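Here's a walk through the structure, one region at a time. Keep the viewer open as you read.

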Amino acid sequence: MSRIVLVTARWGASHGESGAIARLLAGAVSQRCEVGVVSLCTPGPSRVPGPATKTRRDGVFLVHEIAAAAAMPVRAGLARAALSLGGEDRLPEVAGARLVELMGGRASGVVELIASLRPDSVLLVGPETWWLPEALGLSVSGARLASVPLIGDDALADLVQLSPLYGGVDAVGVVSEAERRRVTRRPETVIGPARSRPTELMELDVAFAVNRPAANQLMVGMAQFDRFVVLLTGFPDGSPGAVRSPGHDYVGAGLGPVAVAEVAHGHWSVSDKTQLREVPVRPSRPNLWKLLAHAELCLDLRPQGILGRETLESLLLGTPVVVPEGTVAHEHAERSNGGLWYSDYREMFDAGKAILDSPLLRATLSTQGSEWATMRHGDQERFAAQVARLSLG
Amino acid sequence: MEHLPLDARNVLEALRTASRQASGEGPRTWIPSTSFDALLEEADVSPVALNDHLTWLHANCELAQALAPPEGSGAKAWCKRLIHRAVLAVLAPYLVKVQDCIAVSVRAIDTVARRVDEQAATQLRALGAMRSDLIDFAAHLEERPEE
């Protein structure tokens, strides 16, 4: 059986959407191969350094944790802004030597650790692994090297330091059209000439399992709310500290007589159309499915993501979406014809009301979205085959 | 389904065309609170949602018609239209903003009124439950055999 080592700094629930994708990739490939995970752990808020290397079992995966350098978010934000404003000819100046470490993830001993696992393939997941294609060069020369950069439409992807992730590997997997465009933006310098054989670019159709019988059950206490919309204001990761957003009241009033179920990090609640009665909802993926399956529509207020998982789940469950223009979620809505998108808040209300007011429009979007999502993102066998082909060739 | 396939881009284009015809930046849609708890029908004080001033505001807060050019014929009407055009050329953004502010204020007042009515209904319900409990308790005391 082939052995694959997945290297990432985004292992675990605290990394939000990209953490979930890393786990889905490992899960997909574990059906056919033996999978080891090397987790580049950046120091937590306490800044207390732990042991250099630690091995633990996480579900079916054996995870080797190794201490790595933390990212510098402020510096990365400045670089992102500069890259967004400047043209391509300014990239070398913006991406100076001092920005090499801005992504974090660099750690000593990783190469030796990976080599000791004797992999047939190394799969690099996330932009923090940008330095590994060069570092691994001779140590695992027999192994296939593949990457899933998870950079979405981030301007940081244009940094020359990140180019090994696209040009220094045997294959690159992208999870959205926006990411594919970003990766192939400068084909003559990014894809190809860095290795003896050209880098293969693959689009991965990330597949999800949605528990439909569980989703079809109406959540206890929801019958009193009649019609409701799901409002996404944060990634549903259950992280504490989030509160009900001002958008909750605003959307509730602007869309007319309809209840609002807000999903904001760790604060999930449903309020009735008068917004006086509020019922808390325990954050969990099955509860999100239950909300999505019975909602009139799913309204997404979040900025750009990497995959738009909640949009895909909503489409799979037959609920139309209203999403921000220019995001990955917009890509899904447009490709599937299963939802509408907006460029400002007035358009958001117009699109939401159009769906709420027209049962025919809602039913049509629902059918089209569900068919597309089931065909494109409901086939786990195909996803597993794609990841296996990316990793093993 | 007969109506398939439907192109979401066409739906969006139709919405955007309709939106371009509307002026101002404020929310275009708002449903005034016309309903209130049935309990308030019997309350001593009428619901705020039925307040005459609020009703008048809802009926008159749309000022788009007030900015229409003056009608009529003749030199005087022509002069008025000329002045109207000149004034709007300078003040149109300001006047549209004022319209939006008025509309949003009316909606904010409406929201407050709705919440006041809800609170009043909740209070009435609580008072009713307490009165019912007291009546039951009094009946229980009356029925209790004398010691």
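Strand 14 (residues 321–324) and strand 15 of chain A run side by side in the parallel sense, joined over four bridges; strands count as paired if DSSP finds at least two bridges between them. To find the register, look at A:Val322, whose bridge partner in strand 15 of chain A is A:Leu340. Strands here are DSSP runs of E with at least two residues, helices are runs of H or I with at least four, and both are numbered from the N terminus.

This is a predicted model, where local features need pLDDT of at least 70, side-chain atom pairs count only at pLDDT 80 or more, and totals for chains, interfaces and linings use all residues. Residues are numbered from 1 along each chain as its sequence is written, while chains are lettered from A and ligands numbered from 1 in the order in which they are written.

Back to that strand pair and its surroundings. In chain A, an open sheet of seven strands follows the order 12-11-10-9-13-14-15, with mixed pairing. Strand 12 (278–281) and strand 15 (339–342) of chain A sit at the edges with a single partner strand each, so one side of each has no neighbour in the sheet. From one strand to the next, the twist averages 20°. Helix 12 (residues 328–336) of chain A packs on this sheet and touches strand 13 (298–300), strand 14 and strand 15 of chain A. The direction of helix 12 makes about 140° with that of strand 14 of chain A; axes are lines fitted to C-alpha atoms, for helices over the stretch in contact, and angles run from 0 to 180 degrees between N-to-C directions.

Now for helix 11 (residues 309–316) of chain A: eight of its eight residues are buried, so the rest of the structure largely encloses it. Buried means 20 or more other C-beta atoms within 10 Å of the residue's own, exposed means 12 or fewer, and partly exposed is in between, with C-beta atoms placed from the backbone. The buried set includes charged-looking names such as A:Arg309, A:Glu310 and A:Glu313. Just after helix 11, A:Gly318 of chain A takes a positive phi of about 80°.

How is chain A divided? There's domain 1 (3–207 + 379–392) and domain 2 (212–377), with bounds from an automatic or database domain assignment. Between them, 16 residues of domain 1 are in contact with 11 residues of domain 2, contact being C-beta atoms, placed from the backbone, within 7 Å. On the domain 1 side, helix 1 (16–29) and helix 7 (177–183) of chain A each supply at least two residues, and helix 1 gives the most, with five.

Elsewhere in chain A, strand 6 (residues 144–148) is mostly covered, with four of its five residues buried. Strand 6 pairs in the parallel sense with strand 5 (residues 121–125) over five bridges, and A:Leu124 has A:Ser147 as its bridge partner. Strand 6 also pairs in the parallel sense with strand 7 (residues 171–174), over two bridges; there A:Ala146 is matched with A:Ala171.

Finally, chain B averages a pLDDT of 78, and 79% of the residues score at least 70; pLDDT is the predictor's confidence in each residue, from 0 to 100. Among the elements of chain B, helix 2 (residues 52–60) has the lowest mean pLDDT (81) and helix 3 (residues 75–143) the highest (85).

How values were computed. Two residues are in contact if their C-beta atoms, placed from the backbone, lie within 7 Å.
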